[in-house]
Amino acid sequence: MTDFAAAFRANAAHLAATGLYDPADEHDACGVGFIAAIDGKPRRAVVEAAIAALKSLWHRGAVDADGKTGDGAGIHLQIPQDFFKAYAAQIGHTPGDTPIAVGQVFLPRTDLDAQERCRCIVEAEILNFGYTIFGCARCR
């Protein structure tokens, strides 16, 4: 743990010196939950427990300040690689041995031109980093 803290402090100092980090931006999270299967086996009950925990953080997980929407808080879960690789193969791709990631992007609701511009930017950046896009929900 001491090595981690020392490495964090050294990295933070380097980033602050180069203008990429400002310690004044640090703040505590208002709520954090951690739900995991001790045996390491993925199962639906763990995801359901994480969702229940998220809903307990009223202003973070369920409702934003406007009383209607969420603020983007969510859960982090393991991606079922076999499932997504099989799907990628089913739609004509060869996913290979590298891990598959899944992303969700929220686009403007009513401005179709803005939706397209945002989609193009996201796709271009994913491809610029050397990743492959196997599909998207909008493309079905």
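1. Helices here are DSSP runs of H or I with at least four residues, numbered from the N terminus. Under that scheme, α5 is followed by Gly130. The phi of Gly130 is positive, near 90°. Note that the model is predicted.

2. Helix α5 covers residues 112–128, which makes 17 residues. At 1.5 Å a residue, the expected span is 24 Å. The end C-alpha atoms are 24 Å apart, so the helix agrees with expectation.

3. The N-terminal end of α5 has a cap, Asp111. A side-chain oxygen of Asp111 lies 3.1 Å from the backbone nitrogen of Asp113.

4. How many disulfides does the structure hold? Zero. Take Cys118: the closest cysteine sulfur to its own is in Cys120, at 9.4 Å. A disulfide needs the two sulfur atoms within 2.5 Å, so the sulfur of Cys118 is too far from that of Cys120 for a bond. From the side of Cys120, the closest cysteine sulfur is in Cys118, again 9.4 Å away and too far for a bond.

5. Are these cysteines buried or partly exposed? Cys118 is partly exposed, at a relative accessible area of 29%. Cys120 is also partly exposed, at 37%.

6. There is a nonpolar patch on the surface. Its members are Ile126, Leu127, Phe129, Tyr131 and Ile133. Together they have about 520 Å² of accessible area.

7. Tyr131, one of the patch residues, is found in the segment after α5. Tyr131 has a relative accessible area of 57%. The cut-off for exposed is over 50%, so Tyr131 counts as exposed.

Methods. Residues numbered from 1 in each chain as written. Predicted model: local features only at pLDDT ≥ 70, side-chain atom pairs only at ≥ 80, totals over all residues. Heavy atoms only, no water. Helix = DSSP H or I, 4+ residues; strand = E, 2+ residues; numbered from the N terminus. Expected span 1.5 Å × (residues − 1). Polar contact = N/O pair within 3.5 Å; in protein donor to acceptor, adjacent residues only side chain to side chain. Buried < 20%, exposed > 50% of the residue type's maximum accessible area, 1.4 Å probe, protein only. Patch = residues over 30% accessible without salt bridge, like charges linked within 9 Å, V, L, I, M, F, W, Y side chains within 5 Å. Areas by Shrake-Rupley, 256 points an atom, 1.4 Å probe, with all protein chains shown as cover. Salt bridge = Lys/Arg side-chain N within 4 Å of Asp/Glu carboxyl O.
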